[in-house]
Amino acid sequence: MLTITNELITMLAPNAAAIANAKKISQKGGFVKLYKSEDNTFMMGECSGSGKSNYNTTVDSINPEQPVFGCSCPSRQFPCKHGLALLVEAMAGKSFESCEIPADIIERRSKRETRREKQESSEPPKVNKSALAKKMKKQLEGLDLAEQCMNDMLNAGLGTISGNSLKTYTDLAKQLGDYYLPGPQILMKRIILEIESLKDDPGQAEQRYAHAVRYLVQLQAVIKKARHFLSNKLESDQIEVEDSTIYESIGSVWNAAQLKQLGLYKENSELIQLTFTIYYDQAREEYVDIGYWMELETGVISKTLNYRPLRALKHVKQDDTIFDVVQARELYCYPGDLNKRIRWDEFKIRDASTQDIHKIAEHAHKDIASVAKLVKNQIKNTLSDNFAAVLLSYKRIGKIGEDVVLEDQNGQTLLLQNMPDGTTEPTVELLSYVPSDALLEQQVMFGLLYYDAATKRMAMQPCAIITDEQIIRLLY
């Protein structure tokens, strides 16, 4: 049986606008008829709309972990606002007439079950070694192009690149997409964007050049490591995918079948979201939805990443803040470092309890030194993120001069500071609005720990405070 809550609707909705429109439909009495099956696994509604005829909307929840929506409206969003509105009607306790489950719904259920049984019993998909080898050879050619482009930039000097030369590098960056190298392509775009920004804001030249150099270093590392990795696989004829972060650095896309074949998944996991944010990545031309989650059983902190291309923004489901516990039937884990990327398809949700909050606090690091060492080891890898999401117990949060600092039980202090890369909203200023001074003592902080090159010290951007009873988010 499907348990309908605001959190479930939020997770199913393609974006916030769809939820708002769904609530408007319900509030204005848009449904002229409502039906529900005796076993509560099927709902159907007739909704008035802008068309001549009413829209027929259905929700089939025979599998409550993955409800199936249907609607006769012309919307390309899925689920559409009418399907979400039907859930809102049910959650509001509206009166539904009893109905039989239509024959076409029963037939679709049977087909889905057949497909699922086939997927679960079938052998892993066979690898087309010839096609993969051909792709790797093409990628090696693209790496040569990227290296040539990078060397030309360095030889010319970043300060001399403008006009026609900048257009040439932009065209070369576009060509990398033809070589199955979106990773190096994005790094090239980041370098170009930093150079372009110098014309608009010459006062930030030092910072822009520093960013450009950092991306050049990353690009050089990707080229070197990817070339070695791909060449070895071709020479040894070991073409099959493996558990390696190199795939991510060159921009390969993992699917669930590959991750499962490599054993990068687990069953029946419970996760709770600690923070959520959205930012626009200009180089990718995509909005990025990032959620940080803790697996309650292990204490492992992972992240969900949802990329929404600007050109298809209306058709890609937007992630959102979730306050309940997500119960994932199968949790897939991407290769990575401290905060690996995760995903799931089928899920249920339940209310977060005080016991869940206690589990979060139990997994927190006890001192700054140990967690800083852990993060520094990741930062040393050029291809890894230059920060990590961590939990840290603290004695107090206060000020030393103008700096806001966190003090651990050993008296060590850590600077609390907003990350300078612009991918997260400022949060340090929000600490002054925390409702009680007691929350700034003897609690647990969830935040992004990073090395600040300007001050040459470790710093943390605070994202949430975990107390005995609740998660107080500074970043949603």
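## Reading strands, cores and rings

Student: In which sense do strand S14 (residues 413–416) and S16 pair, and over how many bridges?

Tutor: They pair in the parallel sense, over two bridges. Two strands count as paired if DSSP finds at least two bridges between them. Strands are DSSP runs of E with at least two residues, helices are runs of H or I with at least four, and both are numbered from the N terminus. One bridge to look for: leucine 415 has alanine 459 in S16 as its partner.

Student: Before we go on, what am I looking at?

Tutor: A predicted model, in which local features need pLDDT of at least 70 and side-chain atom pairs count only at pLDDT 80 or more, while totals for chains, interfaces and linings use all residues. Residues are numbered from 1 along each chain as its sequence is written, and side-chain values use heavy atoms, with hydrogens and water left out.

Student: Which other strands pair with S16?

Tutor: Strand S15 (residues 441–452) runs antiparallel to S16 over nine bridges, with leucine 449 opposite methionine 460. Those two strands make a hairpin with four residues between them, and lysine 456 in the turn has a positive phi of about 55°. Then strand S17 (residues 471–473) joins S16 through three bridges, again antiparallel. Here isoleucine 466 stands opposite isoleucine 471, and S16 and S17 also form a hairpin with four residues between them.

Student: Is S16 (residues 457–466) largely enclosed or open?

Tutor: Start with the cut-offs: buried means under 20% relative accessible area, exposed means over 50%, and partly exposed is in between (1.4 Å probe, protein chains only). Nine of the ten residues of S16 are buried, so the strand is largely enclosed by the rest of the structure.

Student: How do strands S1 and S2 pair?

Tutor: Strand S1 (residues 31–37) and strand S2 (residues 42–47) are antiparallel, with five bridges. Phenylalanine 31 is bridged to cysteine 47 in S2. Their hairpin has four residues between the strands, and asparagine 40 takes a positive phi near 60°. S2 also pairs with strand S3 (residues 55–60), antiparallel over six bridges; there, glutamate 46 partners asparagine 56.

Student: Why is cysteine 47 not in a disulfide?

Tutor: A disulfide is a covalent bond between the sulfur atoms of two cysteines. The test here is a pair of cysteine sulfur atoms within 2.5 Å. The closest cysteine sulfur to that of cysteine 47 belongs to cysteine 71, and because it is 7.5 Å away, it is too far for a bond. Cysteine 71 is in no disulfide either; its nearest cysteine sulfur, in cysteine 73, is 3.6 Å away. In fact, a search of the whole structure finds zero disulfides. As for exposure, cysteine 47 is buried at 1% relative accessible area, whereas cysteine 71 is partly exposed at 28%.

Student: How many residues are in the largest nonpolar core?

Tutor: In soluble globular proteins, nonpolar side chains tend to be buried together. A core here is a set of buried Ala, Val, Leu, Ile, Met, Phe, Trp, Tyr and Cys residues joined through side-chain atoms within 4.5 Å. The largest one has 41 residues, and those with the most contacts inside it include Leu143, Met188 and Leu219. Helices supplying at least two residues each include helix H5 (129–156) and helix H8 (205–236). Beyond its neighbours within four places in sequence, leucine 219 is in contact (heavy atoms within 4.5 Å) with Met150, Pro184, Leu187, Met188 and Ile191. A second, separate core of 35 residues includes Trp293.

Student: Which residue forms an aromatic pair with tryptophan 293?

Tutor: Rings of Phe, Tyr and Trp (its six-membered ring) pair if their centres lie within 6.5 Å; planes under 30 degrees apart are stacked, over 60 edge-to-face, and the rest tilted. Tryptophan 293 pairs edge-to-face with tryptophan 344, at 5.1 Å between centres and 85° between planes. The two sit in strand S7 (residues 286–295) and strand S10 (residues 342–344), so the pair ties together parts that are 51 residues apart in sequence. Both tryptophans are buried.

Student: Where does the charged end of lysine 36 sit?

Tutor: The rule is that NZ of Lys or CZ of Arg lies within 6 Å of the ring centre and within 35 degrees of the ring normal. The charged end of lysine 36 sits over the ring of phenylalanine 96, 4.7 Å from its centre. Likewise, arginine 343 has its charged end over the ring of tyrosine 332, 5.9 Å from the centre.
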